[in-house]
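Here are a few exercises to work through with the viewer open. Try each one yourself before reading the solution.

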Amino acid sequence: MPLKPDNDMALQRMNDVSEKHTPMMQQYLRIKTAHPNTLLFYRMGDFYELFFDDAEKAARLLGITLTQRGSSNGSPIKMAGVPFHAVDQYLARLVKLGESVAICEQIGDPATSKGPVERKVLRVVTPGTLTDSDLLPEKSERPLLALNRITQRKNVTVGLAWLSMASGALKLMEFSGDEKSLDNRLKQELERIAPAEILVADEAEALAHSASVIAAPGKATAVPNWHFDIPGGEKELLAQLAAATLAGFGAGGMSAAVGAAGALLRYAQSTQGKGLQHVRTLTVESENEFIGLDAATRRNLELTETIRGQDASSASPTLFSLLDHCRTSMGSRLLRHWLHHARRDQSIAQARHAAINALMRADACSGLSATLAAVPDIERITTRIALLSARPRDLAGLRNGLQQLPSLRACVAMCGRDGDAPLLKSIEDALATPTDCIDLIERAIAPEPAAMVRDGGVMARGFDAELDELRALSENAGQFLLDLETRERARTGIANLRVEYNKVHGFYIEVTHGQTDKVPHDYRRRQTLKNAERYITPELKAFEDKALSAQERALAREKYLYEKLLQDMAPHIGTLQRIAHALAQIDTLTALAGHALRNNWCAPQLVPESVITIEQGRHPVVENAIERFIANDCVLTGERRLLLITGPNMGGKSTFMRQVALITLLAYIGSFVPADSAVIGPIDRIYTRIGAADDLAGGRSTFMVEMTESAAILNGATENSLVLMDEVGRGTSTFDGLALAWAIAMHLIENTRSFTLFATHYFELTQLPDAHPTAANVHLSAVEHKDSIVFLHAVQPGPASQSYGLQVAQLAGVPQPVIRAARKHLAVLEAHSIQSTPQFDLFATSMINADEPKMENTAQDGTAAAIAETLATIDPDALSPREALEALYRLKQLAG
């Protein structure tokens, strides 16, 4: 189903399934033809083998041995293989590299097959359809997404459907517009959803190489155009949801998204080889549902990855790694989802605030955490039950997890007894113990089952009478062998005679070479060893046939019972999914409550008025990384919408800006916040333009990246947006950068009217509040001591006096000669400048009102020029006291 074959020779070989090939190769090539662009793991005994081009590719990617054996159609057969018992680790590596793998199993009986054993592809492992715990990251989702594009005249509609195969969550979204705006919107949505695999129609293959899809983390896979058929998609959706209409799900009239959903479901079902019993609900998302966060904002705020795109570490924590005290993987995934999907609806966050407050008030966090630690990943276990791929220890873990529900429910009920946390009440209701389900598992599964059904020992004793009888036959073999050994020693007089068993030769009697002359005539030699002979007797042979037959029949019976048990669990899937969601919620809320308690966080107030007022706010990550964090206030109101932030490098401007954004975001995900108090009004988007790096692969310079991010802010921000702008215009010449920074600040003040934190080193901008009352100056303070600087990190009213650039350079270790040279040149520049702020005239009244702003050229005073020239020749560090005094007299004479 995926992309067309890349290798014409491979396609020719696949199509040449003729008598020139061996029967087994004919079977292989027929199966491979159906999966031309997928690595085919072909089961042969205890190995999965790969042949021809697949073997070469797998050997290169996995570092396994490539061999050649025999020939087929006159050509050597290239082979590579992996052991079946270790296949998961190889699959994990291939999926991480973006590869898809078709798993072809032996479904026939080798004993009764006249030709090659019958084989069939039972599932296809792709990056977006993973369900195995060994292949999936514990704390994040790997959704599969289908992208459908419909063009009608000049209007283009994009429909998205995505499915988290591991949880069964199916979602739709649709939006329309012109090409350029759609591409930006699509890019933003793909960044938010972060699909592992993206399905596009064959005819839209060009779209798969567009900027939006290339920028997305997922692998692009083309499927036939007819899979996106809208009537067919609606039929697939209705059948999957067991519904008569999509209107009840809010999906009525969403043609493009419904077509995408049809392609998505077809692809997902084909990879699993069966229906998707766990996909039972549909959620329609809209643009106005979540607080908008573009890729730059997610990166700059370091929500789940560091600013360098790496996962968190002890040296470089993220907001997610800081807050993730969850005891279950389900809770961690939900916390990650909340951080990237903060809801604009204040009532949702307020319900979580109330629940966290109730948990803190009851001091229940430690007790809940301890109990939750015994709960497995019920969400993903339920999915594997629905797909009939759950392993015995999955069910044992599920049983143990469900047994924790009564104590968890009682604790949640105690916390919510005051009735002021309705969210806790709904969680309590969902945590009701599913008696029938847990009773079935307790009766069916052994207390400590084997890892795999094929190993036996999975089903509990007493669950099935026939299985118990077969096990008894097999287990009584031990006593029979001891009795036989005793009898034979007495009969033969061989004191060291032993009766034993192995899987290769079955049962046997072993006699050392020195005693073989005492062996009776009814002993038949079975194997000769260096120091002993192994024999079989008619009595032992008869027992062997009976015991081994019972063991094989017991394994077959156990396999049948286990498969039936998974089918009998189907009616409980919906209940288990509700329990999993409730457990994830209480786990996440408990983690947030515990963190708030330990770090003295407060409950924010979300209000309808346009305001952000934070008292003694702190950066949630930085405050845990340093010994003493300086807390700061931030006040933004309808009459004070833009703060111009000045101060030295390393003074804390970026930290202050980020902490305001993070406190706002935390408030809207339902968490407490690091502050003494916080009052926050409606927020629709958060934008950041902090720092920049070049994009060499995309052909964009640092300044181009900076301007692209600025353009996104100016075009998308509204008066309910929070905007962070850090040192705009620094990537170009002084005049260009200053002019752009001034114009961008003016646009944000007069047109956008969003809440804005605008950090700059252009001190000329500090004049803006004089003409615009909605802007205000604040600065990060520092104290200069001799030639060094001490940062106070305190936000104070008014503009800064200077940037302390040379002092910061000195702290960074710039050599002293360079610092001295910079000081001299700075003195020359200041002496030649028109005034202490060289480009202040950019904002003179006549310039601001002009159609084309321009700088005024003022003639330099002759005396000042002469003084400057004399100063340029003086090296203060090299002068003796007498020479310094003479230089001072000379300067005084010039001034006179």
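**Exercise 1. The four-strand sheet**

In which sense do strand β19 and strand β22 pair, and over how many bridges?

Solution. Bear in mind that this is a predicted model.

Step 1: find the two strands, β19 at residues 612-617 and β22 at residues 677-680. They pair in the antiparallel sense, over four bridges.

Step 2: pick one bridge to check by eye. T613 has V679 in β22 as its bridge partner.

Step 3: zoom out to the whole sheet. It is open, has four strands in the order β18-β22-β19-β20, and its pairing is mixed. β18 (605-606) and β20 (632-636) have a single partner strand each, so one side of each is left without a neighbour in the sheet.

Step 4: add the helix. α24 (residues 653-669) packs on this sheet and touches β18, β19, β20 and β22. Its direction makes about 110° with that of β19.

**Exercise 2. The six-strand sheet**

Work out the strand order of the six-strand sheet, then say which strands sit at its edges.

Solution.

Step 1: trace the order, which is β3-β4-β2-β1-β5-β6 in an open sheet with mixed pairing.

Step 2: read off the edge strands, β3 (67-72) and β6 (119-125), each of which pairs on one side only.

Step 3: look at the twist. On average, neighbouring strands of this sheet are turned by 35° against each other, direction ignored.

Step 4: check the pairing at the β6 end. Strand β5 (residues 101-106) runs antiparallel to β6, and six bridges join them. One place to look is C104, whose bridge partner in β6 is V121.

Step 5: place helix α2 (residues 23-33). This helix lies across β1 (39-44), β2 (47-51), β3, β4 (75-83), β5 and β6, and runs at about 145° to β1.

**Exercise 3. An enclosed strand**

Why is strand β15 described as largely enclosed by the rest of the structure?

Solution.

Step 1: count the buried residues. In β15 (residues 506-512), six of the seven residues are buried, so the strand is largely enclosed by the rest of the structure.

Step 2: look at its pairing with β14 (residues 498-502), which is antiparallel over five bridges. A hairpin makes the connection from β14 to β15 through three residues, and Y501 has F507 as its bridge partner in β15.

Step 3: look at β17 (residues 532-536), which pairs with β15 in the antiparallel sense over four bridges. Here I509 is matched with its bridge partner Y535 in β17.

**Exercise 4. An enclosed helix and a buried serine**

What covers the buried residues of helix α16?

Solution.

Step 1: get the tally. Nine of the eleven residues of α16 (residues 392-402) are buried, so this helix is largely enclosed by the rest of the structure. Among them are P392, D394, R399 and L402.

Step 2: find the cover. It includes α15 (378-386), α17 (405-415), α19 (435-444), α22 (538-568) and α23 (573-599).

Step 3: now try a single residue, S332, in helix α12 (residues 329-340). Since buried means under 20% relative accessible area, S332 counts as buried because its value is 1%. Leaving aside its neighbours within four places in sequence, S332 is in contact with K139, F320, D324 and C326.

**Exercise 5. Confidence**

What is the average pLDDT of the protein?

Solution.

Step 1: the average is 85, and 90% of the residues score at least 70.

Step 2: flag the weak stretches. Residues 1-11 have a pLDDT below 50, with 26 contacts in the model beyond near neighbours in sequence. Residues 835-860 are also below 50, and that stretch has 34 such contacts.

Methods. Residues are numbered from 1 along each chain as its sequence is written. This is a predicted model: local features need pLDDT of at least 70, side-chain atom pairs count only at pLDDT 80 or more; totals for chains, interfaces and linings use all residues. Side-chain values use heavy atoms; hydrogens and water are left out. Buried means under 20% relative accessible area, exposed over 50%, partly exposed in between (1.4 Å probe, protein chains only). Contact means heavy atoms within 4.5 Å. Two strands pair if DSSP finds at least two bridges between them. pLDDT is the predictor's confidence in each residue, from 0 to 100. Axes are lines fitted to C-alpha atoms, for helices over the stretch in contact, and angles run from 0 to 180 degrees between N-to-C directions.
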